[in-house]
Amino acid sequence: MDRVLVIKATAGEDSPERCNQAFTVAATAVASGVRVSLWLTGEASWLAVPGRAAAFTLPHAAPLDDLLAGVLAGGTVTVCTQCAARRDLTEDALVDGVRIAGAPSFVEEVTQPGVQALVY
């Protein structure tokens, strides 16, 4: 059975270490050949806006825009529908390849056989 890792990032610049951990694990998993779906919720939603991941800094951490690019290269990135709406974000305002989807899609992903979900 093919394993899938679904990672939900619930923090952005408000909790940089927690945010960076989610992106680091997601990018590392993609680089290791694992199928990855990264969900950006809450303040992490902003990081799907062009330029926002590049502006994110955390000492001794890989650049967040590089991690995001790594995830997009081999996995999927989704911004929560409600989180996007609360921030007036639309798909055309996001980095190419990032989609917007809601709780039904998240639940469908995490309840499939062979899926491991992590929340940061």
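C80 counts as buried at 16% relative accessibility, where buried means under 20% relative accessible area, exposed over 50% and partly exposed in between (1.4 Å probe, protein chains only). This is a predicted model, in which local features need pLDDT of at least 70, side-chain atom pairs count only at pLDDT 80 or more, and totals for chains, interfaces and linings use all residues. Residues are numbered from 1 along each chain as its sequence is written, and side-chain values use heavy atoms, with hydrogens and water left out.

**Cysteines**
- The structure holds zero disulfides; a disulfide is a pair of cysteine sulfur atoms within 2.5 Å.
- The sulfur of C80 has its closest cysteine sulfur in C83, at 3.1 Å, which is too far for a bond.
- For C19, the closest cysteine sulfur is also in C83, but 13 Å away, again too far for a bond.
- C19 is buried, at a relative accessible area of 1%.

**Sheet**
- Five strands (DSSP runs of E, at least two residues, numbered from the N terminus) make an open, parallel sheet in the order 4-3-2-1-5.
- Strand 4 (98-101) and strand 5 (115-119) are the edges; each has a single partner strand, so one side of each lacks a neighbour in the sheet.
- From one strand to the next, the twist averages 25°; axes are lines fitted to C-alpha atoms, for helices over the stretch in contact, and angles run from 0 to 180 degrees between N-to-C directions.
- Strand 3 (residues 76-80) and strand 4 run parallel, joined by four bridges; pairing needs at least two DSSP bridges.
- V79 has I100 in strand 4 as its bridge partner.

**Helix packing**
- Helix 3 (residues 64-74) lies across strand 2 (35-40), strand 3 and strand 4; a helix is a DSSP run of H or I, at least four residues, and contact means heavy atoms within 4.5 Å.
- Helix 3 runs at about 110° to strand 3.
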